[in-house]
Amino acid sequence: MKRTEMYQNGEYFLKNPTWDGDDAVWKVQWIKKLIGRNNIDFDKVADIGCGGGKLLQELIKLYPSVKSWEGYDISPQAIELTRLIQDQRISFFNADFLSNDVKQVNLAMAIDVVEHIADYYGFLGKLKMKSDYFIFHIPLDASCRTLLKPHVMLQQRGAVGHIHYFSKEMVLWMLQDTGYEIIDWDYTKLMLDLLPQASIKNKIKKFLRSISFSLNADKSVKLWGGYSIMVLAK
């Protein structure tokens with residue numbers, strides 16, 4: 001089975017019924033931070049791999065004057081979830097954003113998408129022609145911890161469909177290789193770290209990882225993982 005089929009035949013939906021909608025609010029805060037810090041102006045937005053559309057639903061609250069909001073996903077189950085969003089300002093399409101008939105936008109977002117795409121270099125090269133600015137969010141699954149415990153990456157592969165595993169440098173290199181200019185970036189914490197933990201073991205891990213990150217963010221992420229990267233590019 002091709003990897004893309006799991007997003008179209010309902011397999012991914014069975015494992016992820018909210019389509020990561022639960023973490024839309026905190027992702028939007030990071031997006032807002034990057035946009036504000038760099039004074040990015042935009043009036044046409046496209047969310048590629050929009051899932052259930054929660055990200056656009058949250059963003060439109062922050063930027064109500066933006067004229068056009070569009071979400072694209074190849075999964076019919078994801079687009080069916082967008083029917084729950086009662087906002088006529090947002091248009092959702094069960095389609096490939098890179099198809100020739102899709103118009104140009106000012107800001108294209110690929111939030112937790114690249115790690116799912118087999119030919120991500122090809123995807124990024126085509127996407128580059130479709131927008132002025134880009135925001136990417138990519139999990140940094142490649143760390144010393146995951147190399148020593150490959151079952152962690154295998155779990156990500158099975159549960160959420162990750163087929164590529166990146167470090168910060170690998171993300172920045174691939175974007176530069178495919179013609180993007182990096183404007184700004186931030187590490188973002190896993191949503192799990194932002195929620196109360198019932199397990200004492202998890203609380204201890206969270207505390208130690210936070211201390212490590214405060215001492216040296218780059219080394220901490222490389223050693224222990226637990227972070228993603230949000231990148232603003234053009």
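## Notebook: helix α8, cores, salt bridges and loops

I began with what surrounds helix α8, and found that the cover over its buried residues includes α1 (5-8), α2 (11-15) and α7 (144-148). I note at the outset that the model I am reading is a predicted one.

**Entry on α8.** I looked up which residues of this helix are buried. In α8, which spans residues 151-160, I recorded Val152, Met153 and Val160 as buried. These three lie on the same side of α8, because they cover an arc of only 100° around the axis. I then turned to the other side of α8, where I found His151 and Leu154 exposed. I also checked what comes after the helix: Gly161 follows α8, and its phi is positive, near 80°.

**Entry on the nonpolar cores.** I next asked which residues have the most contacts inside the largest nonpolar core. I listed Phe97, Val114, Leu124, Leu127, Phe136, Val171 and Met174, in a core of 31 residues. I looked up the elements behind this core and found that β1 (44-48), β4 (105-111), α6 (120-127), β5 (131-139), α9 (168-177) and β7 (227-233) each supply at least two of its residues. I took Leu127 as an example and listed its contacts, setting aside residues up to four places away in sequence: Leu127 touches Ile48, Phe97, Leu98, Ala108, Phe134, Phe136 and Tyr180. Apart from this core I found another, of 26 residues, which includes Ile35, Ile40, Ile79 and Ile85. As background, I noted that nonpolar side chains tend to be buried together in soluble globular proteins.

**Entry on a nonpolar patch at the surface.** I also looked for nonpolar residues on the surface. I found a patch formed by Ile200, Ile204, Phe207, Leu208, Ile211 and Leu215, with about 660 Å² of accessible area together. I followed up one member, Ile211, and placed it in helix α10, residues 200-215. Ile211 has a relative accessible area of 38%, so I recorded it as partly exposed.

**Entry on salt bridges.** How many salt bridges does a search of the whole structure find? I noted 12. I recalled the general point that side chains of opposite charge can pair when their charged atoms come close.

I looked at several pairs in turn. Arg83 and Glu80 meet through their side chains in a salt bridge, at 2.9 Å from N to O. Arg83 counts as exposed because its relative accessibility is 59%, while Glu80, with a relative accessible area of 47%, is partly exposed.

The side chains of Asp87 and Arg89 also meet in a salt bridge, at 2.8 Å from N to O. Here I asked whether Asp87 is buried or exposed. At 17% relative accessibility, Asp87 counts as buried; Arg89 is partly exposed, at a relative accessible area of 44%.

I then examined the salt bridge of Asp218 with Lys168, whose closest N and O atoms are 3.3 Å apart. Asp218 lies in helix α11 (residues 217-224) and Lys168 in helix α9, so this pair ties together parts that are 50 residues apart in sequence. I entered Asp218 as partly exposed, at 30% relative accessibility, and Lys168 as buried, with a relative accessible area of 13%. I also recorded a network: Lys33, Arg37, Asp184 and Asp186 are joined into one by salt bridges that share partners.

**Entry on positive phi in loops.** I searched for positive phi in residues other than glycine. Asn39 has a phi near 50°, and I located Asn39 in the loop between α3 (24-37) and β1. At 68% relative accessibility, Asn39 counts as exposed. Asp112 is not a glycine either, yet its phi is positive, at about 60°. I found Asp112 in the loop between β4 and α6, and at 16% relative accessibility Asp112 counts as buried.

**Entry on Lys27.** Asp112 led me to Lys27, with which it is in contact. Lys27 lies in helix α3 and counts as buried, because its relative accessibility is 5%. Leaving aside neighbours within four places in sequence, I listed the contacts of Lys27 as Leu55, Ile111, Asp112, His137 and Met230.

Terms used:
Residues are numbered from 1 along each chain as its sequence is written. This is a predicted model: local features need pLDDT of at least 70, side-chain atom pairs count only at pLDDT 80 or more; totals for chains, interfaces and linings use all residues. Side-chain values use heavy atoms; hydrogens and water are left out. Buried means under 20% relative accessible area, exposed over 50%, partly exposed in between (1.4 Å probe, protein chains only). Helices (H or I, at least four residues) and strands (E, at least two) are DSSP runs, numbered from the N terminus. The arc is that of the directions from the helix axis to the C-beta atoms. Contact means heavy atoms within 4.5 Å. Patches are made of residues with over 30% relative accessible area and no salt bridge: like charges are joined within 9 Å, nonpolar side chains (Val, Leu, Ile, Met, Phe, Trp, Tyr) within 5 Å. Accessible areas come from the Shrake-Rupley method with a 1.4 Å probe; for residues, only the protein chains shown count as cover. A salt bridge is a side-chain nitrogen of Lys or Arg within 4 Å of a carboxyl oxygen of Asp or Glu. A nonpolar core is a set of buried Ala, Val, Leu, Ile, Met, Phe, Trp, Tyr and Cys residues joined through side-chain atoms within 4.5 Å.
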